[in-house]
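Please look over the chain shown below with the bench in mind, paying attention to its pocket, its charged pairs and its backbone. The notes that come after it are grouped by topic.

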Amino acid sequence: MRIQTAFSVFILAALSARGEDRLVGGPMAVNVTSKSATISWVVQTGEVKVGEQSIPVLRSDSISITGLKPGSTVPYTLPGGIEGSFKTAPAGPTAFQSVIFGDTRTRHELHQKIAGAIDALSPDFVVHTGDLVTDGMDTQQWPRFFEIEKNLLRKAAFFPVLGNHERNSRSFYQFFDVKTSYYSFDWGAVHFTLLNSDLGNVAMSAKAREDFWAEQTRWLEDDLKKAEKAEFRIVVMHHPPFTAVKRRQNDSPWAKSLTPMFERYKVAAVFSGHDHNYQHHLRDGVHYIVTGGGGAPLYPVDGPIENLTLKVESIEHYVRLFVTPGAARVEAIALDGRILEQFPLK
């Protein structure tokens, strides 16, 4: 379906006319490229009584748009006057800013403040490092996530990765129109690769999990090889290859196994979540940033790694990425607005 106008994109798919249907998620722009995007939203069509609980019945709807202009702002209106907008990816080297954050699954009042602070920055797009909710199988939790993120999602393109708390649920794939659990996109001269590091929920058997990881690793190398001409290559996955949380330092060997490939293809930075704090490590030219301060209970940073760890702080925060032609800078910002750290990527 091709829809294009200089002023507005009107979504031509009506929300259900049944009285019980209610918008509880979005609208939001996902799968955004320089010339296309998907507008997705979630409605509650009713509820099921289970004992004393009321379980919402949710349905996701979406529409794809092509023929858009690179580097443009696209406003849209759903039936009922619900408005949103997003920016398409620029086609070549240009300035932009994005925000990367994650682990928003609990302490909703803090998640609300984080989302509000990010919204005030008006980023071109947002990347979520996973653990959006506490249990992705629990449909009661998704409307709360969407209510908190509502204003942000209606203004910025959204690129999420799977966390272990999503539990590889169908809701994640349906709500965000995710076709595969690992994917990549270009924004200007920067290439982003988003991986599924939640190996434990990929499959029931060890053999199937091993096969999945081997397949994703092959895809990753091919993806990075094809992007060698990008000015910067950035990888995002939920589990960090390195962590300063002492009790978790041996928890993700599969994530750490990818580091030689990151070095070989000169990845500028790897962003992760999972550990609820801020961390910055540097090894062989690759920056490893843990940004898990989106609202989940904070973890101590009690195990800095000698000759790797540059900065750690157990605090709610988000990370801002500034890009200009030929240059990129990372800025970690605490919830109170304090700059935790800033540094260039090379």
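The briefing below goes through the pocket, the surface patch, the salt bridges, one buried strand residue and the backbone. The model is a predicted one, and every value quoted here should be read with that in mind.

**The largest pocket**

- The largest pocket holds about 180 Å³ of space, and the elements that give two or more residues to its lining are β4 (53-65) and α3 (170-175).
- The lining of this pocket is made by Pro 56, Val 57, Leu 58, Gly 136, Met 137, Thr 139, Ser 169, Arg 170, Ser 171, Gln 174 and Phe 175.
- Of the elements concerned, α3 gives the most to the lining of the largest pocket, with 4 residues.
- In chemical character, the lining residues divide into 5 nonpolar, 5 polar and 1 charged.

**A nonpolar surface patch**

- Val 48, Val 50 and Val 57 together make a nonpolar surface patch of about 210 Å²; Val 57 is also among the residues that line the largest pocket.
- Within this patch, Val 50 belongs to strand β3, which covers residues 37-50, and Val 50 is partly exposed, with a relative accessible area of 47%.

**Salt bridges**

- The count of salt bridges in the model comes to 20, and the pairs described next are among them.
- Asp 124 and Lys 87 meet through their side chains in a salt bridge, with 3.0 Å from N to O. This pair links distant parts of the chain, 37 residues apart, since Asp 124 sits in the loop between α1 (108-121) and β8 (125-128) while Lys 87 sits in strand β6 (residues 82-87).
- Buried or partly exposed, how do the partners Asp 124 and Lys 87 count? Asp 124 counts as buried at 10% relative accessibility, whereas Lys 87 counts as partly exposed at 32%.
- Asp 119 forms a salt bridge with Lys 155, and the closest N and O atoms of the two are 3.4 Å apart. Because Asp 119 lies in helix α1 and Lys 155 in the loop between α2 (141-153) and β9 (157-160), the pair ties together parts that are 36 residues apart in sequence.
- In this pair Asp 119 is buried, with a relative accessible area of 15%, whereas Lys 155 counts as partly exposed at 47% relative accessibility.
- Asp 275 and Arg 248 are joined by a salt bridge between their side chains, at 3.3 Å from N to O. Asp 275 lies in the loop between β13 (269-272) and β14 (278-283) and Arg 248 in the loop between β12 (232-236) and α5 (253-256), so this pair ties together parts that are 27 residues apart in sequence.
- Both partners of that bridge, Asp 275 and Arg 248, are buried.
- Asp 21, Arg 59 and Asp 61 are linked in a network of salt bridges.

**A buried residue in strand β12**

- Ile 234 is found in strand β12 and counts as buried, at 2% relative accessibility.
- The C-alpha atoms of Ile 234 and Phe 262 are separated by 9.3 Å, and these two residues are 28 residues apart along the chain.

**Backbone geometry**

- As background to the following points, most residues other than glycine have a negative phi, and most peptide bonds are trans.
- The peptide bond that runs from Gly 26 to Pro 27 is cis, with omega near 5 degrees, and Pro 27 is found in strand β2, which covers residues 22-30.
- Asn 168 has a positive phi, near 55 degrees, although this residue is not a glycine. Asn 168 lies in the loop between β9 and α3, and at 23% relative accessibility Asn 168 counts as partly exposed.
- Which sign does the phi of His 274 have? The phi of His 274 is positive, at about 75 degrees, although His 274 is not a glycine.
- His 274 has its place in the loop between β13 and β14, the loop in which Asp 275 also lies, and His 274 is buried, with a relative accessible area of 9%.

Terms used: Residues numbered from 1 in each chain as written. Predicted model: local features only at pLDDT ≥ 70, side-chain atom pairs only at ≥ 80, totals over all residues. Heavy atoms only, no water. Patch = residues over 30% accessible without salt bridge, like charges linked within 9 Å, V, L, I, M, F, W, Y side chains within 5 Å. Areas by Shrake-Rupley, 256 points an atom, 1.4 Å probe, with all protein chains shown as cover. Salt bridge = Lys/Arg side-chain N within 4 Å of Asp/Glu carboxyl O. Buried < 20%, exposed > 50% of the residue type's maximum accessible area, 1.4 Å probe, protein only. 1 Å grid on protein atoms, 1.4 Å probe; cavity = no way out; pocket = protein on both sides within 12 Å on 5 of 7 lines; lining within 4 Å. Points joined across faces, edges and corners; volume = space filled by probe spheres on them. Nonpolar A, V, L, I, M, F, W, Y, C, P; charged D, E, K, R; others polar.
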